[in-house]
Amino acid sequence: MVLRTLHYHQQQRLLDLIFNDGSVKVLSAEFLRVHSPSAEVRGHGQPKLVANKRDVAIVSISPVGHYGVKLTFDDGHDTGLYHFSFLCQLANEQQELWQRYLTQLKNANASRDSLISTRQLS
């Protein structure tokens, strides 16, 4: 499968990966943030657990050549290039990666919830 299009739903904070065969896989902004390919998250052989990102959103998606995108999140994180092959890998392994992440949070006594409560003003 070849990735054809990315479509971000701002309100739901979901990124659609649309493939040339018409199939669609969906990744949340939170999932993408905590699985960032950046050195900050990946560490140098020692991945860092990223917590408190349940409400994170993507504020921009910038193409990088013909092979990937740079995602900028509203928490200021903007390092790490999401190669299209990496996005496909995340989509294919999403369930396993998510369960592993939830287990790591539990073992570290950490949370997905934000450290401070915020609400949008209407």
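**Exercise 1. A charged residue in helix α1**

Task: In this predicted model, decide whether Arg-33 counts as buried or exposed, and find which side chain it meets in a salt bridge.

Solution.
- Step 1. Start with accessibility: the relative accessible area of Arg-33 is 5%. Buried means under 20%, so Arg-33 counts as buried.
- Step 2. Now look for a partner. The side chain of Arg-33 forms a salt bridge with that of Asp-75, with an N to O distance of 2.8 Å.
- Step 3. Place both residues. Arg-33 belongs to helix α1 (residues 29–34), while Asp-75 sits in the loop between β5 (68–73) and β6 (81–83), so this salt bridge ties together parts that are 42 residues apart in sequence.
- Step 4. Check the partner's surroundings: Asp-75 is partly exposed, at 31% relative accessible area.
- Step 5. Widen the view. Lys-53 joins Arg-33 and Asp-75 in a network of salt bridges.

**Exercise 2. Two positive phi angles**

Task: Inspect the backbone at Arg-13 and Asn-52. What is the phi of each residue, and where does each lie?

Solution.
- Step 1. Read phi at Arg-13: the angle is positive, about 60°, although this residue is not a glycine.
- Step 2. Locate Arg-13 in the loop between β1 (3–9) and β2 (14–19). With a relative accessible area of 28%, Arg-13 is partly exposed.
- Step 3. Turn to Asn-52, another residue other than glycine with a positive phi, here near 65°.
- Step 4. Asn-52 is found in the loop between α2 (39–42) and β4 (58–64). Its relative accessible area is 24%, which makes Asn-52 partly exposed.

**Exercise 3. A salt bridge between two loops**

Task: The whole structure holds six salt bridges. Take the one formed by Arg-13 and Asp-55: which parts of the chain does the pair tie together?

Solution.
- Step 1. Confirm the contact: the N to O distance between the two side chains is 3.6 Å. The limit for a salt bridge is 4 Å, so the pair qualifies.
- Step 2. Assign each end. Arg-13 is in the loop between β1 and β2 and Asp-55 is in the loop between α2 and β4, so the salt bridge ties together parts 42 residues apart in sequence.
- Step 3. Compare with the surface: Asp-55 has a relative accessible area of 39% and is partly exposed. Arg-13, at 28%, is also partly exposed.

**Exercise 4. A salt bridge within one helix**

Task: Glu-96 and Arg-100 meet in a salt bridge. How many residues apart are they in helix α4?

Solution.
- Step 1. Take the distance: the N to O separation of the Glu-96 and Arg-100 side chains is 2.7 Å.
- Step 2. Count along helix α4 (residues 94–107): the two residues are four apart, about one turn of the helix.
- Step 3. Add accessibility. Glu-96 counts as exposed at 51%, whereas Arg-100 is partly exposed at 42%.

**Exercise 5. A buried acid without a salt bridge**

Task: Examine Asp-16 in strand β2. How far away is the nearest side chain of opposite charge, and which side chain makes a polar contact with Asp-16?

Solution.
- Step 1. Search for an opposite charge: Arg-4 is the nearest such side chain, 10.0 Å away, and Asp-16 is buried with no salt bridge.
- Step 2. Look at other polar partners. The side chain of His-9 lies in polar contact with that of Asp-16, at 2.6 Å.
- Step 3. List the surroundings. Leaving aside neighbours within four places in sequence, the residues in contact with Asp-16 include Thr-5, Leu-6, His-7, Val-24 and Val-26.

**Exercise 6. Aromatic pairs**

Task: The structure has three aromatic pairs. What are the geometries of Tyr-82 with Phe-86 and of Trp-98 with Tyr-101?

Solution.
- Step 1. For Tyr-82 and Phe-86, the ring centres are 6.2 Å apart and the planes lie at 50°, so the pair is tilted. Both residues are buried.
- Step 2. For Trp-98 and Tyr-101, the centres are 5.2 Å apart with 40° between the planes, and this pair is tilted.
- Step 3. Trp-98 and Tyr-101 are three residues apart in helix α4, about one helical turn. Trp-98 is buried at 18%, as is Tyr-101 at 3%.
- Step 4. Finish with the cluster: ring pairs link Trp-98 and Tyr-101 with Phe-31.

How values were computed:
Residues are numbered from 1 along each chain as its sequence is written. This is a predicted model: local features need pLDDT of at least 70, side-chain atom pairs count only at pLDDT 80 or more; totals for chains, interfaces and linings use all residues. Side-chain values use heavy atoms; hydrogens and water are left out. Buried means under 20% relative accessible area, exposed over 50%, partly exposed in between (1.4 Å probe, protein chains only). Lys and Arg count as positive and Asp and Glu as negative; His and the chain ends are not counted. A polar contact is a pair of N or O atoms within 3.5 Å; within protein, one must be able to donate a hydrogen and the other to accept it, and residues adjacent in sequence count only if both atoms are side-chain atoms. Contact means heavy atoms within 4.5 Å. Rings of Phe, Tyr and Trp (its six-membered ring) pair if their centres lie within 6.5 Å; planes under 30 degrees apart count as stacked, over 60 as edge-to-face and the rest as tilted.
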